[in-house]
Amino acid sequence: MPEQIALTEATYYILLSLVTPRHGYGIMQQAEELSSGRVRLAAGTLYGALNSLCEKGWIVPLPGEAGSRKKEYRITEKGLAVLTDELGRLRELVENGEAVLKGELQ
Amino acid sequence: MSERKTVRRWFWVWEFEKEERWLNTMALEGWTLDKVGFCKFEFIRTEGGAYTVRLEMREKDADYTAFMEETGAECIGRVVSWNYYRKKAELGAFDLFSDLDSRITHLDRIGKALLAIGLANIAIGIANTFNVGHFGWINLLCACLLMYGLGRIHGKKESLKLERELRE
């Protein structure tokens with residue numbers, strides 16, 4: 001069984017944004033929009049995260065136009081699997097939280 | 001020709017946050033950083049608070065610079081390994097890091113640079129003390145200072161790591 005991992009918020013929103021191919025700035029805008037302005041990925045943080053996610057094979061850069069440095073990325077099958085696992089974990093967190101706070105669980 | 005002024009000021013490496021605060025206070029007062037040199041800051045007259053200024057230690061990386069420009073930031077210049085950026089306030093908030101992990105990575109990078117230069121100074125200092133015997137103490141003094149800096153950076157990093165155990 002693979003090690004259970006909890007994604008950081010930045011990783012989570014990057015993966016989510018890349019279900020549709022996007023470039024760096026597009027990811028920032030999408031994360032901000034999805035979270036109603038709450039999650040703002042800073043450039044340095046995003047750049048580092050994109051590189052690590054590529055190394056892990058969770059996302060891939062798409063072949064860009066010649067001469068353009070603007071890279072687009074897309075999520076991979078592996079990344080999609082990680083995202084699905086995380087969704088299950090988050091669901092558990094929410095269900096447990098609600099149950100305890102509503103007094104259904106102690 | 002817009003109004004310009006040059007300020008000479010020294011900041012220790014471990015004071016980079018103080019340096020950044022100072023540059024942003026200047027920007028709020030209508031003096032936006034326009035050029036950097038060794039201990040030298042050139043400002044241009046702008047509206048107060050028109051720009052946000054950030055600095056980061058990072059080796060030259062054209063992809064990163066292109067990435068920053070894509071987000072609306074502008075690279076003002078580079079001194080040793082320090083890069084200075086600014087972004088128009090009207091284009092939105094400007095931060096380089098938005099989580100603890102990337103702040104820790106940045107401090108790690110600074111720490112490694114200090115350690116490398118510090119160790120080099122110790123080696124040169126010892127070699128000079130035994131061989132030439134005159135100015136080795138200067139290198140050893142430099143090494144002490146760099147190690148002090150390393151300690152300061154390490155302290156900042158450790159407090160972020162403690163916080164990291166509780167939140168992102």
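A residue counts here as buried if 20 or more other C-beta atoms lie within 10 Å of its own. By that yardstick, 26% of the 106 residues of chain A are buried in this predicted model. The C-alpha atoms of chain A fit in a box of roughly 60 × 35 × 20 Å along the principal axes. As for secondary structure, chain A has four helices and three strands, and reading from the N terminus gives the order α-β-α-α-β-β-α. If contacts in chain A between residues at least 6 apart in sequence are considered, 42% of them link residues at least 24 apart.

Now for a helix pair inside chain A. Helix α1 (residues 9-17) of chain A packs against helix α4 (residues 77-101) of chain A, with the axes 10 Å apart and an angle of about 125° between them. That angle is why α1(A) ends up oblique to α4(A). The crossing of the two, α1(A) and α4(A), is left-handed. On the α1(A) side, A:Tyr12, A:Leu15 and A:Leu16 make the contact, and they meet A:Gly79, A:Val82, A:Leu83 and A:Glu86 of α4(A). Sorted by class, the contact of α1(A) with α4(A) comes out as five nonpolar residues, one polar and one charged.

Then there is the contact between the chains, which draws 16 residues from chain A and 19 residues from chain B. On the side of chain B that touches chain A, α2 (62-70) and α3 (100-130) of chain B each chip in at least two residues. The biggest giver on that side is α2(B), with six residues. In class terms, the side of chain B that touches chain A holds eight nonpolar, seven charged and four polar residues.

Terms used. Residues numbered from 1 in each chain as written. Chains lettered and ligands numbered in written order. Predicted model: local features only at pLDDT ≥ 70, side-chain atom pairs only at ≥ 80, totals over all residues. Contact = placed C-beta atoms within 7 Å. Nonpolar A, V, L, I, M, F, W, Y, C, P; charged D, E, K, R; others polar. Axes fitted to C-alpha atoms, helices over the stretch in contact; angles between N-to-C directions. Parallel < 35°, antiparallel > 145°, perpendicular 65-115°, else oblique. Left-handed = near helix turned anticlockwise from the far one by under 90°. Buried ≥ 20, exposed ≤ 12 C-beta atoms within 10 Å, placed from the backbone.
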